[in-house]
Amino acid sequence: MRQRLNLDMMENDAEIDMTPMLDIVFIMLIFFIVSTSFVREAGVEIERPVSDTSEVQESQGVMLAITAQDEVWLDRQLVDIRMIRPTLERLKVEQPDLGVMIQADKDAKTGLLVQVMDQVKLSGVEQVAVATREGKG
């Protein structure tokens, strides 16, 4: 009888402790959150110009958009061209290897594109690209 009671008690004690597995899952979650770089979208739709020599590149991190109405958008907000440099300098402190992708509408003024590129370069960002559509030529 005594042996039978011990077997019943042993069956009840055979549980798996999930605490270590949950600790590992939370540690992995924190690691992925910290190591992820977030892409900041421009916030407007742009009709990019066509280029026969365009190359596919990975995301740059920050998207700047220049509309056909010569508006500059950064992080889903309309910005003054003078605010591009301080904003990117602040973001560069948070992410030293920051890159910028400029999406200029095909009808946007070239002079404005050059001014935006100047502001990006003056902020210390070295990785700058201009988005185009792939041509069929």
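## A mixed sheet with two helices packed on it

Asp-75 is partly exposed, because its relative accessible area is 34%, between the 20% and 50% cut-offs. The model is predicted. Asp-75 sits in the loop that links β3 to β4. Its C-alpha atom lies 7.2 Å from that of Met-63, although the two residues are 12 apart along the chain.

**Overall layout**

The protein chain holds 4 helices and 7 strands. Read from the N terminus, the elements follow the order α-α-β-β-β-β-α-β-α-β-β. Of the 137 residues in the protein chain, 28% are buried. Take the contacts between residues at least 6 apart in sequence: 72% of them join residues at least 24 apart.

**The sheet**

Which strands build the open sheet, and in what order? There are 5 strands, and they are ordered β4-β3-β2-β5-β6. The pairing is mixed. The edges are β4 (77–79) and β6 (127–130), and each of these pairs on one side only. From one strand to the next, the twist averages 30°. Strands of a sheet pair through backbone hydrogen bonds, in a parallel or an antiparallel sense.

Three of the strand pairings are set out here.

| Strand pair | Sense | Bridges | One opposed pair |
|---|---|---|---|
| β2 and β5 | parallel | 6 bridges | Gly-61 and Gly-99 |
| β2 and β3 | antiparallel | 3 bridges | Leu-64 and Leu-74 |
| β5 and β6 | parallel | 4 bridges | Gly-99 and Gln-127 |

Strand β2 covers residues 61–66, and strand β5 covers residues 99–104. Leu-64 has a bridge partner in β5 as well, Ile-102. One step along, Ala-65 has Gln-103 as its bridge partner in β5.

Are the residues of β2 buried or exposed? Strand β2 is mostly covered, with 6 of its 6 residues buried. Strand β5 is mostly covered too: 6 of its 6 residues are buried. In a regular strand the side chains alternate between the two faces of the sheet. In β5, Gly-99, Met-101 and Gln-103 point one way. Val-100, Ile-102 and Ala-104 point the other way, and all of these residues are buried.

**The hairpin and Asp-70**

Strands β2 and β3 form a hairpin with 5 residues between them. Asp-70 lies in this loop between β2 and β3. What is the phi of Asp-70? The value is positive, about 60°, although Asp-70 is not a glycine. Most residues other than glycine have a negative phi. Asp-70 counts as partly exposed because its relative accessible area, 27%, falls between 20% and 50%.

**Helices on the sheet**

Helix α3 packs on the sheet and touches β2, β3 (72–74), β4 and β5. The direction of α3 makes about 170° with that of β2. Helix α4 lies across β2, β3, β5 and β6. With β5, helix α4 makes an angle of about 170°.

The two helices also pack against each other. Helix α3 spans residues 84–94 and helix α4 spans residues 110–122. Their axes are 8 Å apart, at an angle of about 35°. The crossing of α3 and α4 is right-handed.

Which residues make this contact? From α3 come Ile-84, Arg-85, Leu-88 and Glu-89. From α4 come Val-116, Gln-119, Val-120 and Leu-122. The residues of the α3 contact with α4 divide into 5 nonpolar, 1 polar and 2 charged.

**An aromatic pair**

How many aromatic pairs are there? The count is 1 aromatic pair. Phe-31 and Phe-32 form this pair, with 5.4 Å centre to centre. The angle between the ring planes is 65°, and the pair is edge-to-face.

Why do the two rings fall in separate accessibility classes? Phe-31 has 52% relative accessibility, so Phe-31 counts as exposed, the cut-off being over 50%. Phe-32 has 48%, so Phe-32 counts as partly exposed.

How values were computed: Residues numbered from 1 in each chain as written. Predicted model: local features only at pLDDT ≥ 70, side-chain atom pairs only at ≥ 80, totals over all residues. Heavy atoms only, no water. Axes fitted to C-alpha atoms, helices over the stretch in contact; angles between N-to-C directions. Left-handed = near helix turned anticlockwise from the far one by under 90°. Contact = heavy atoms within 4.5 Å. Nonpolar A, V, L, I, M, F, W, Y, C, P; charged D, E, K, R; others polar. Phe/Tyr/Trp six-rings, centres within 6.5 Å; stacked < 30°, edge-to-face > 60°. Buried < 20%, exposed > 50% of the residue type's maximum accessible area, 1.4 Å probe, protein only. Pairing = 2+ DSSP bridges.
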